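Me: Please take a close look at one part of this model, the sheet and the pocket beside its hairpin, and describe how the pieces fit together.

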Amino acid sequence: MSQVKEKDTVKVHYTGKLASTGQVFDSSLEREPIEFTLGEGTIIPGFETGVLNMKETEKKTIEIPKEEAYGEVRKDLFQEVPKDQLPEEIKPEVGMGLVSQNPDGTERQLRVAEVKDDHIIVDANHPLAGHDLTFELELVEIKN
């Protein structure tokens with residue numbers, strides 16, 4: 001039976017959990033498996049490494065340290081935004097998701113980290129930054 005190697009395109013079912021608490025943050029079990037090509041950098045490095053050498057129908061659990069996932073929380077990705085720069089209809093609350101437009105027209109996902117009297121602090125880190133992750137994997141298919 002063949003094994004996953006670099007440059008293969010694979011389909012994988014997964015359940016992702018926070019390693020510290022076991023809380024599930026995402027799962028493909030109720031939808032289509034994720035499909036990606038190894039070596040293209042479209043998924044976190046630790047996930048790709050975990051899939052390498054798996055056989056079709058194989059299941060396993062992997063631990064991914066934050067350095068191979070979404071990295072450490074970066075302080076430089078926190079920014080103050082005056083409340084008068086927010087659209088009038090937005091009433092910011094801690095944890096609320098916001099979208100900011102970059103100068104090149106692309107969008108950036110932000111999360112409200114703090115709400116002060118005249119400004120808010122937004123966090124542009126990935127929500128899973130700073131966390132070690134656990135993934136339960138099932139290799140569904142190696143596509144040729």
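**The hairpin and the largest pocket**

Reply: In this predicted model, strand 6 and strand 7 form a hairpin with five residues between them. Within that turn, G105 has a positive phi of about 95°. Strand 6 covers residues 97-101 and strand 7 covers residues 107-115; the two run antiparallel and are joined by five bridges. Two of the facing positions can be named: G97 stands opposite R111, and L98 stands opposite L110.

The hairpin belongs to a wider sheet. Four strands make up this open sheet, in the order 5-8-7-6, with antiparallel pairing. Strand 5 and strand 6 are its edge strands, each of them pairing on one side only. On average, neighbouring strands of the sheet are turned by 45° against each other, direction ignored. In the order given, strand 7 sits between strand 8 and strand 6, so the hairpin partner of strand 6 is also its neighbour in the sheet.

The largest pocket draws on these same elements. Its space amounts to about 350 Å³, and 18 residues line it. Strand 5 (78-82), strand 6, strand 7 and strand 8 (119-123) each supply at least two residues of that lining. Strand 6 gives the most, with four residues; this is one of the edge strands of the sheet. Nearest the centre of the pocket lie V81, V99, S100, L110 and V122. L110 therefore appears twice in this account, as a residue near the pocket centre and as the position in strand 7 opposite L98. By class, the lining has eleven nonpolar, five polar and two charged residues.

In a regular strand the side chains alternate between the two faces of the sheet. That general pattern is background here, and no face is assigned to any residue of the lining.

For reference, the second largest pocket has a volume of about 160 Å³. Its lining consists of Y14, F25, D26, I34, I43, I44, F47, Y70, L128 and F135. By class, that lining has nine nonpolar residues, no polar ones and one charged residue. The charged residue is D26, because Asp counts as charged and the other residue types in the list count as nonpolar.

Key. Residues numbered from 1 in each chain as written. Predicted model: local features only at pLDDT ≥ 70, side-chain atom pairs only at ≥ 80, totals over all residues. Heavy atoms only, no water. 1 Å grid on protein atoms, 1.4 Å probe; cavity = no way out; pocket = protein on both sides within 12 Å on 5 of 7 lines; lining within 4 Å. Points joined across faces, edges and corners; volume = space filled by probe spheres on them. Axes fitted to C-alpha atoms, helices over the stretch in contact; angles between N-to-C directions.
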